[in-house]
4 protein chains.
Amino acid sequence: MQILKDEVKNSIRQAALAEFKKHGYLKASIRQIADAAGITPGNIYRYFKSKDDLFDELIQPIQEQLTEVLRVCKQEVDNTLCTALSDHLLILRRIDASLMLLFKESSTELTILLNLSEGSQFASVKQDLITLVHQIISEVFTAELAPTGTLPLRDQLSARMIATTMIESICLILRDHEDGDTIKMLVDELLYLFCTGISEKIKLAQA
Amino acid sequence: MQILKDEVKNSIRQAALAEFKKHGYLKASIRQIADAAGITPGNIYRYFKSKDDLFDELIQPIQEQLTEVLRVCKQEVDNTLCTALSDHLLILRRIDASLMLLFKESSTELTILLNLSEGSQFASVKQDLITLVHQIISEVFTAELAPTGTLPLRDQLSARMIATTMIESICLILRDHEDGDTIKMLVDELLYLFCTGISEKIKLAQA
Amino acid sequence: MQILKDEVKNSIRQAALAEFKKHGYLKASIRQIADAAGITPGNIYRYFKSKDDLFDELIQPIQEQLTEVLRVCKQEVDNTLCTALSDHLLILRRIDASLMLLFKESSTELTILLNLSEGSQFASVKQDLITLVHQIISEVFTAELAPTGTLPLRDQLSARMIATTMIESICLILRDHEDGDTIKMLVDELLYLFCTGISEKIKLAQA
Amino acid sequence: MQILKDEVKNSIRQAALAEFKKHGYLKASIRQIADAAGITPGNIYRYFKSKDDLFDELIQPIQEQLTEVLRVCKQEVDNTLCTALSDHLLILRRIDASLMLLFKESSTELTILLNLSEGSQFASVKQDLITLVHQIISEVFTAELAPTGTLPLRDQLSARMIATTMIESICLILRDHEDGDTIKMLVDELLYLFCTGISEKIKLAQA
DNA sequence: AATGAATGAGGGTTCATTCAT
DNA sequence: GATGAATGAACCCTCATTCAT
């Protein structure tokens, strides 16, 4: 019953993915992964140097894609002179669209990366995402509320909170749902809710 | 070097609070707590019967207060005939106000209770909170969007998502901030954002 | 040096049996068992779920046999109308014979079950045995010494003492000897001694 | 609230005696003894070097008395030319009487010494007692059953078993009863039972 | 003389990782 | 390649003993 190396490696990846999704990085058990893959624990170490290594090999690609998306978005935000509110919301939409794209390709990996990577080297990825969104929202706020000066502390904090909340909310939707259409619908609704709220807030402040 | 008992107990509580906040209940290590408190692991057991007991003694009081708040709110939701949108938002405000009150007294404990209690007896508290808010939002949606029939699946999911997001967002604010006034401000802003969004959504749907 | 699984399991059982016999259930040390078995403590848990599980797997079978014997004997004692002295002595002989049978198969286990199981789920087995024998002897005494009334307190105590002594004596023989024939001989002698003594006591009392 | 040294030492002794009787040497807890004595654990070590030392100081005196009794009895057995059955039974009675005497003075200590000293230096005392009784019974058997030759192995074993059983039975009576008169009655009955049995056995063998 | 907080070695147990087969 | 038994460090916890006060 000889199994080709790639088949085995694949079955390990699959089993590991399921285990990481179920228990998160820290509580995932190598033994359970081996069992689910139909092999022995020791054999995993012929394919992966360590639990960390296995996790990395599964999650790294999507983390890289996400990082790349973030990099591009950040560049746009940094380099483009976008003062109009709609421009910024566009960028938010683009971030959202990118996440949706990644999700369609690798929903499990993305969920793990964003929600279940505590204790691994990717624990900070979510924060990077938040930082980016924060930057965008800060600019929106500055442009609209303090075009010539400094954003009041209150609004700075508010921007940060909204950024955190938006990203975490998307993560929660990913955590709680599997169906792509449902997720898209809920994220749309969420973004609508946030954008409406933000617009109203700005209107109110400008009044 | 002999230290007074209360000092030691206090330093254990402090160290434990930090450790629980850093690693959560399950991954918190008694040895690390002991190290941080400047004593040996065994000595902790002169002050607390077990890891569980230590956690409970730190978190129980605030959990009890929170449970009491939930109980009262649930009673109101169940018993009162409140069909007006404003009634429901009032209840949301009350929940918020209660949380703020608890927070002012014990921010770290509340964070641990809501975000880091996995594996302990308090693991379900956040979910209870979400369930309550979900119930309220569902009633608002039903009253406004489908007063005579059943809420569409789409709006059911939406209500659940919003409930989850609201509570988790408040938890995030608690996690990220220590100053009471800042927290109050941010939560107010968040609730305003959500309520505005919800109102607009309803208006849109009714149009 | 890789050893076959069964060999290791066997060596654990052997080491555990020796350790339990030497120190009893409570004071037996997993680390010592591991040392004696030539392995590490953690490895024991590949073969047995817990100290309890290890003890049970060693002792349970013989406990079940013993319990079954007790059950049958108790039924006979309860249901049969046996007023003759000889009937009762017959039952004692039967209990004895059953114990001998069990012993031939598993002397060490029986010793542990009866003498060294404090703290385990089997702690009460010896007392059950004593209670059964006590019941029988009480009936003999009542039938012979107070056929129409109540047995004097003195004889009640005496019956209890003799029951305890008989069972404990058998346990001692089991503890001190390994050879089946020797044990059978000694128990026979012991029962003869007790039965003779009891008969004489009764004759004396009736005179 | 200065307490005289002797009072404290006394209260420790009293508390320790109760604890040792309740849990035996091994499982007795220094902390519980301290609590029961109304002092702190550390203070015990001003009066006793160790748990062992405390146990020794309580049990040693009675162990010495017992040893002395044994020594004298052994001398009699060794030096006296006693061929008659009755002489030997007399010695058995004397051993019994000595034990009873010791018991009347220090029932708790004797019970502990004989039944609850596992793990201490006195664990073997009971065996010494058994050895002495064994010697006596062996001589009786030899004199009666093989006056000119060697006692058959069967009877040697039998003698040992009877010796063991007699002593352990007395220990059981001490363990189960507190009232001096009851104990005396039961031991008498036991000795009568044994002696009758032994006599009958000899008669039977000689027939 | 007394305290009682603190220690440290040991208890049972788990699990990622290694390695002889 | 693959096995899976074995390891070793870590987990929470207990308790006789010590020692600064």
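**Two domains of chain A, and the surface near DNA strand F**

Let me begin inside chain A of this predicted model, where domain 1 of chain A and domain 2 of chain A bury about 740 Å² between them, with 68% of that area lying on carbon and sulfur atoms. On the side of domain 1, Leu17(A), Lys21(A) and Tyr25(A) lose the most area to domain 2, and together they make up 72% of what that side buries. As for the bounds, domain 1 of chain A runs over 1-48 and domain 2 over 59-206, and their centres, taken over C-alpha atoms, are separated by 33 Å. Six residues of domain 1 and nine residues of domain 2 take part in the contact.

One salt bridge is counted between these two domains, and in the salt bridge of Lys21(A) with Glu178(A) the side chains come to 2.6 Å, N to O.

Let me turn now to the DNA. DNA strand F is surrounded by 38 residues, and the closest are Tyr47(A), Tyr45(B), Asn43(C), Arg46(C) and Tyr47(C). Of the atoms of strand F that come within 4 Å of the protein, sugar and phosphate account for 69%. The residues of this surface divide into 15 nonpolar, 14 polar and nine charged, and among the elements that each supply at least two of them are α3 (41-47) of chain A and α1 (5-27) of chain C.

Which kind of atom of Lys51(B) lies 2.7 Å from a phosphate oxygen of strand F? For Lys51(B) it is a backbone N or O atom, whereas for Ser29(B) a polar side-chain atom lies 3.2 Å from a phosphate oxygen of this strand, and for Tyr45(D) a polar side-chain atom lies 2.9 Å from one.

Note on methods:
Residues numbered from 1 in each chain as written. Chains lettered and ligands numbered in written order. Predicted model: local features only at pLDDT ≥ 70, side-chain atom pairs only at ≥ 80, totals over all residues. Heavy atoms only, no water. Near = heavy atom within 4 Å. Polar contact = N/O pair within 3.5 Å; in protein donor to acceptor, adjacent residues only side chain to side chain. Helix = DSSP H or I, 4+ residues; strand = E, 2+ residues; numbered from the N terminus. Nonpolar A, V, L, I, M, F, W, Y, C, P; charged D, E, K, R; others polar. Domains from an automatic or database assignment. Contact = heavy atoms within 4.5 Å. Buried area = accessible area lost by both parts, 1.4 Å probe. Salt bridge = Lys/Arg side-chain N within 4 Å of Asp/Glu carboxyl O.
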